[in-house]
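Open the model in your viewer and keep the selection tool at hand. The stops below say what to select next and what is there.

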Amino acid sequence: VLLLPFIASTHSSKGPISYSQLYLLLAVASLALRMPTYANVLSLPTTTASLEELAYRQIEVFMSLPSQASISFDVVCSSMSFLVWMMLKTGSKGNLGLTDYVAMNALFVLTPVTGIGFTGALFLSWRESWNNGVKTIKID
């Protein structure tokens, strides 16, 4: 089940929704799960800390406990691996248009904010559309 998203379908779904639509549903669910985090961040008091100080605090939290560091490194490494895989898959498609490259760059920039669950699902939806003959990014 975990490897299913990495296997491109060779035909369109015969079910009630297409694979592309299923991945879009997963993207929305992923974003919905992050909403409490966004609400907490927006309710924090503003800070006058420098960017360097904020980065130091993030690293401090990242490494605070062995179990926290282990989970944090797992998430970072798996997210980076998926982003590299996305780049390789996009590059192997050949002649992509400007829209495709702009969308891919947007996914990379959004990943730290939205999470790999959201951007990965959007990429997989795009890939399924591409495999079904759509030559530019089109969300079904």
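Begin with the second largest pocket of this predicted model, which holds about 510 Å³ of space. To find its centre, select Leu 54, Arg 57, Gln 58, Val 61 and Phe 62, the closest to that point of the 14 residues in the lining. Then colour the lining by class: 9 residues are nonpolar, 4 are polar and 1 is charged. Two helices to show here are H2 (51-62) and H3 (66-91), each of which supplies at least two residues of the lining.

Keep Phe 62 selected; this residue belongs to helix H2. Leaving aside neighbours within four places in sequence, display its contacts: Gln 68, Ala 69, Ser 72, Phe 73 and Val 76. For one of these, Ser 72, a C-alpha to C-alpha distance label from Phe 62 should read 6.3 Å, with the two positions 10 residues apart in sequence.

Now select the whole of H2. Its 12 residues reach 16 Å from the first C-alpha to the last, close to the 16 Å expected at 1.5 Å a residue. Is H2 largely in the open or buried? The number of buried residues among its 12 is 0, so H2 lies largely in the open.

Next, zoom out to the full chain. The protein has 5 helices and 0 strands, and from the N terminus on its elements run α-α-α-α-α. Colour by relative accessibility: buried residues make up 24% of the 140 residues. If you draw a contact map, look at pairs at least 6 apart in sequence; of those contacts, 65% join residues at least 24 apart.

Go on to helix H1, residues 19-43. This helix has 25 residues and spans 37 Å from its first C-alpha to its last, close to the 36 Å expected at 1.5 Å a residue. Where is the kink in H1? Centre on Arg 34, where the helix bends by about 40 degrees, shortly before the proline Pro 36. For the buried residues of H1, select Ser 20, Tyr 23, Leu 24, Ala 27 and Ser 30.

From Arg 34, step across to Thr 114, a residue of helix H4 (residues 98-114). Arg 34 is among the contacts of Thr 114 beyond four places in sequence, together with Leu 31, Tyr 38 and Thr 119. Thr 114 counts as buried because its relative accessibility is 8%, under the 20% cut-off.

Stay in helix H4 and select Val 109. Is Val 109 buried or exposed? At 61% relative accessibility, Val 109 counts as exposed, since the threshold for that class is over 50%. Add a distance label to Thr 119: the two C-alpha atoms are separated by 9.6 Å, at 10 residues apart along the chain.

The last stop is Leu 83, in helix H3. With 17% relative accessibility, Leu 83 counts as buried. Which residues does Leu 83 touch, not counting those up to four places away in sequence? Show Phe 108, Thr 111 and Ile 116 as sticks to see these contacts. Finally, label the C-alpha to C-alpha distance from Leu 83 to Gly 120, which is 8.0 Å for two residues 37 apart in sequence.

How values were computed:
Residues numbered from 1 in each chain as written. Predicted model: local features only at pLDDT ≥ 70, side-chain atom pairs only at ≥ 80, totals over all residues. Heavy atoms only, no water. Helix = DSSP H or I, 4+ residues; strand = E, 2+ residues; numbered from the N terminus. Buried < 20%, exposed > 50% of the residue type's maximum accessible area, 1.4 Å probe, protein only. Contact = heavy atoms within 4.5 Å. 1 Å grid on protein atoms, 1.4 Å probe; cavity = no way out; pocket = protein on both sides within 12 Å on 5 of 7 lines; lining within 4 Å. Points joined across faces, edges and corners; volume = space filled by probe spheres on them. Nonpolar A, V, L, I, M, F, W, Y, C, P; charged D, E, K, R; others polar. Expected span 1.5 Å × (residues − 1). Bend = angle between axes of the 7 residues up to and from the residue.
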